[in-house]
Amino acid sequence: MLKAKIAVLVSGGGTNLQALIDAQNSGIIHSGEITLVISNNQNAYALTRAGNAGIKALYISKKELKTQEAFESAMIGALEENGIDLIVLAGFMSILSERFTARYDHRILNIHPSLIPSFCGSGYYGLRVHEAALEKGVKVTGATVHFVNEIPDGGEIIAQKAVEVKDGDTPELLQRRVMEQAEWIILPQAVERIAYEISNSN
């Protein structure tokens, strides 16, 4: 069985990328292999993480390419050139157009730090999600892995995991707990599941 080739798209520190690399090293992810990391941020520490793990890393600048279409075309070129089967968005701070998502239908996964449909969609990313959860006073939050379509956080749900909100939580404390207790667990599991399906269908 050929392993599915995985690309991870990142914009920041790459904590979820690291969770995926660790899961690959420990055998949780065994039906796929991360062979490419793409960042739209030249200074993303995620690029360093990729380099440290011996994974090919690319910086593609939307600013330099000027348009969404040129930016996505450059990414498609890199994905095709590297024979990518599955794309994982791990803190990728750029909305993808329908042109891009339709090309990779059911081949793009995203991790969102809430239980969709709560605190999701346009404008809900990073700490803003946890701030909103605390403002609302919810007692349970969590993370969701879903397929990506042209609607922000609108694709079919693959996995969810709940996390308790505690008295005295700050957005930062809650963010950390959601990462440790949900994101870093369900993202590798979901990636393995979809990679397995892809590698069996190739």
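# Histidines, helix pairs and unusual backbone

Me: In which strand is His 112 found?
Reply: In this predicted model, the residue range 108-112 forms the strand that holds His 112. The strand in question is E5.

Me: Is His 112 buried or exposed?
Reply: The relative accessible area of His 112 is 3%, and a residue counts as buried when that value is under 20%. His 112, with its place in E5, therefore falls on the low side of the cut-off and is buried.

Me: From the backbone oxygen of which residue does a polar atom of the side chain of His 112 lie 2.8 Å?
Reply: The side chain of His 112 has a polar contact with the side chain of Asp 153 at 3.4 Å, but the partner asked for here contributes a backbone atom instead. Beyond four places in sequence, the contacts of His 112 include Cys 120, Tyr 124, Val 129 and His 146. The residue whose backbone oxygen lies 2.8 Å from the His 112 side chain is Phe 119.

Me: With the side chain of which residue does the side chain of His 146 make a polar contact?
Reply: His 146 belongs to strand E6, residues 140-147, and is buried at a relative accessible area of 2%. Leaving aside neighbours within four places in sequence, His 146 is in contact with residues including Ile 108, His 112, Ile 116, Gly 154 and Ile 158. The side chain of His 112 makes a polar contact of 3.4 Å with the side chain of Asp 153. At 3.5 Å, the side chain of His 146 also makes a polar contact with the side chain of Asp 153.

Me: What is the sign of phi in Phe 119?
Reply: Most residues other than glycine have a negative phi. Phe 119 sits in the loop between E5 and H6 and is buried, with a relative accessible area of 15%. Although Phe 119 is not a glycine, its phi is about 50°, and the sign is positive.

Me: Is the peptide bond from Ile 116 to Pro 117 cis or trans?
Reply: Most peptide bonds are trans. Pro 117 is found in the loop that runs between E5 and helix H6, residues 127-136. For the bond from Ile 116 to Pro 117, omega is near 20°, and the bond is cis.

Me: What value is phi of Lys 66 near?
Reply: Lys 66 lies in the loop between helix H3 (62-65) and helix H4 (68-81), where it is exposed with a relative accessible area of 70%. Its phi is positive in a residue other than glycine, and the value is near 75°.

Me: How is H1 oriented to H2, roughly parallel or roughly perpendicular?
Reply: The axes of H1 (residues 15-26) and H2 (residues 45-52) come within 9 Å and cross at roughly 15°. Angles under 35 degrees count as roughly parallel, and the crossing is right-handed. Because the crossing angle is within that range, H1 and H2 are roughly parallel.

Me: How many charged residues does the contact of H1 with H2 have?
Reply: On the H1 side the contact is made by Thr 15, Leu 17, Gln 18 and Ile 21, while H2 contributes Ala 46, Arg 49 and Ala 50. By class, there are four nonpolar and two polar residues, and the number of charged residues is one.

Me: How is H6 oriented to H7, roughly parallel or roughly perpendicular?
Reply: The axes of H6 and H7 (residues 171-201) come within 9 Å and cross at roughly 110°. Since angles of 65 to 115 degrees count as roughly perpendicular, the orientation of H6 to H7 is roughly perpendicular.

Me: How many nonpolar residues does the contact of H6 with H7 have?
Reply: In H6 the residues are Leu 127, His 130, Glu 131, Ala 133 and Leu 134, and these meet Pro 171, Glu 172, Leu 174, Gln 175 and Val 178 in H7. Two polar and two charged residues take part, and the number of nonpolar residues is six.

Me: Is Gly 54 buried or exposed?
Reply: Gly 54 is placed in the loop between H2 and strand E3 (56-59), and its C-alpha atom is separated by 14 Å from that of Ala 7. A residue counts as exposed when its relative accessible area is over 50%. The value for Gly 54 is 67%, so Gly 54 is exposed.

Methods:
Residues are numbered from 1 along each chain as its sequence is written. This is a predicted model: local features need pLDDT of at least 70, side-chain atom pairs count only at pLDDT 80 or more; totals for chains, interfaces and linings use all residues. Side-chain values use heavy atoms; hydrogens and water are left out. Axes are lines fitted to C-alpha atoms, for helices over the stretch in contact, and angles run from 0 to 180 degrees between N-to-C directions. Helices (H or I, at least four residues) and strands (E, at least two) are DSSP runs, numbered from the N terminus. Angles under 35 degrees count as roughly parallel, over 145 as roughly antiparallel, 65 to 115 as roughly perpendicular and the rest as oblique. A crossing is left-handed if the near helix is turned anticlockwise from the far one by less than a right angle, and right-handed if clockwise. Contact means heavy atoms within 4.5 Å. Ala, Val, Leu, Ile, Met, Phe, Trp, Tyr, Cys and Pro count as nonpolar, Asp, Glu, Lys and Arg as charged, and the others, Gly among them, as polar. Buried means under 20% relative accessible area, exposed over 50%, partly exposed in between (1.4 Å probe, protein chains only). A polar contact is a pair of N or O atoms within 3.5 Å; within protein, one must be able to donate a hydrogen and the other to accept it, and residues adjacent in sequence count only if both atoms are side-chain atoms.
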